[in-house]
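The following exercises concern the fold, the interior and the empty spaces of one protein model. Each task is followed by a solution in steps.

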Amino acid sequence: MNKIEDTEQIKRIQRVNLEMANYFVSFCNEHDLLCYFCGGGCIGTVRNQGFIPWDDDLDFFMPRKDYEKLSDLWQVHADVEKYPLMKPSKTFIDHNSFTTIRAADTTFIKPYQQDLDMPHGLPIDIFPLDGAPDGKFKRKIQKLWALVYALFCSQVVPEKHGGIMAFGSKVLLKLIPTKKGRYRIWSFASKQMSKYDFSTSEYVTELCVGPRYMGNLYKRTDFEKAVYLPFEDTTMPVPIGYDHYLTQVFGNYMELPDEKDRISHHDAVFIDTENTYKKYKGIYYCVDQSKEE
């Protein structure tokens, strides 16, 4: 397992990411789905007119209704052989609680997924934005449902977020050991947390993310449409209220971080931007542990 530190490797990853993003945005435009960069991709667009030099991925927000439409439309109209879409379902768990699209002719194996037989190509991540209820109490309940959803959908214990949370998560997962039981819980939690309509809410929130950002509240008007700004050799969508959003989450986002923080933040077991993940089954993922002992 290693951090992505090689500059040339990051550039190769970015080339694939840009190709995927172009395909994804074109698909959304063709099918009247609203999408826009979030996180580092949004900062890079505004500050760098392209990738943050050390960034190794691109993430998108979509309003919940568009997010839910995406997977069905993708299976029918997209090149799923080249860009398979993965979304948690009754029969599929990839230890994520959001949608990913992978480049099938590449390899990017994440540590928490290396035991899974699934497409391990370079990803772009897509997160839904949900309407937020009025009132602090209802918002706390919404976030509680989001935490339940995240645990039983991803089925990964959040080791990095404190001993009490990790311990409680382990206990809950042991209490509901079956896939069927866990699916019933997370699908119900999903309905509860996403029942507030995006288009009529004063505020919207991100819920299918880690505890650091979960429950963040944003003015809906900042996300009601996208604007296109220069990004590398093309243009990419960002929320119309990108300055409000970025300032709220990242502070003075136009200022470069300290040099020590200008690094990739993602771990990978193995990366190959030139060859399909299928080449590495049994070598870097789905490894027979008995053969290693």
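In the classes used below, Ala, Val, Leu, Ile, Met, Phe, Trp, Tyr, Cys and Pro count as nonpolar, Asp, Glu, Lys and Arg as charged, and the others, Gly among them, as polar. The model is predicted: local features need pLDDT of at least 70 and side-chain atom pairs pLDDT 80 or more, while totals for chains, interfaces and linings use all residues. Residues are numbered from 1 along each chain as its sequence is written, and side-chain values use heavy atoms, with hydrogens and water left out.

**Exercise 1. Describe the second largest pocket by volume, lining and class.**

Step 1. A pocket is an open set of points on a 1 Å grid over the protein atoms alone, with protein on both sides within 12 Å along at least five of seven lines; a cavity is a set where a 1.4 Å probe fits but cannot get out, and lining residues have an atom within 4 Å of a point. Grid points are joined across faces, edges and corners, and a volume is the space filled by probe spheres set on the points.

Step 2. The volume of the second largest pocket is about 280 Å³.

Step 3. Its lining has 14 residues, and Arg-64, Glu-68, Trp-186, Ser-187 and Ser-190 lie nearest the centre. Two or more lining residues are given by each of α3 (64-77) and α6 (179-193), with α6 providing the largest share, five residues. Helices (H or I, at least four residues) and strands (E, at least two) are DSSP runs, numbered from the N terminus.

Step 4. By class, this lining divides into six nonpolar, four polar and four charged residues.

**Exercise 2. Characterise the cavity of the model.**

Step 1. One cavity of 30 Å³ or more is present, with a volume of about 60 Å³.

Step 2. The residues lining the largest cavity are Asp-56, Asp-57, Asp-59, Phe-108, Lys-110, Pro-123, Asp-125 and His-266. Five of them are charged, two nonpolar and one polar.

**Exercise 3. Identify the nonpolar cores.**

Step 1. A nonpolar core is a set of buried Ala, Val, Leu, Ile, Met, Phe, Trp, Tyr and Cys residues joined through side-chain atoms within 4.5 Å. Buried means under 20% relative accessible area, exposed over 50%, and partly exposed in between (1.4 Å probe, protein chains only).

Step 2. The largest core has 65 residues, and Phe-24, Phe-60, Met-62, Leu-70, Trp-74, Ile-101 and Phe-223 have the most contacts inside it. Helix α1 (residues 7-30) gives this core its largest share, nine residues. Another core, of seven residues, lies apart from it and includes Ala-104, Val-269, Phe-270 and Tyr-277.

Step 3. Contact means heavy atoms within 4.5 Å. Beyond its neighbours within four places in sequence, Ile-101 is in contact with residues including Met-20, Phe-24, Trp-74, Tyr-83 and Leu-122.

**Exercise 4. Summarise the chain as a whole.**

Step 1. The chain has eight helices and 13 strands. Of its 293 residues, 48% count as buried.

Step 2. Among contacts with a separation of 6 or more, 66% join residues 24 or more positions apart.

**Exercise 5. Locate two residues with unusual backbone angles.**

Step 1. Most residues other than glycine have a negative phi.

Step 2. Glu-232 has a positive phi, near 50°, and lies in the loop between β10 (226-231) and β11 (234-239). At 43% relative accessibility, Glu-232 is partly exposed.

Step 3. Cys-286 also has a positive phi near 50°, in the loop between β13 (270-272) and α8 (289-292). Its relative accessible area of 24% makes Cys-286 partly exposed.
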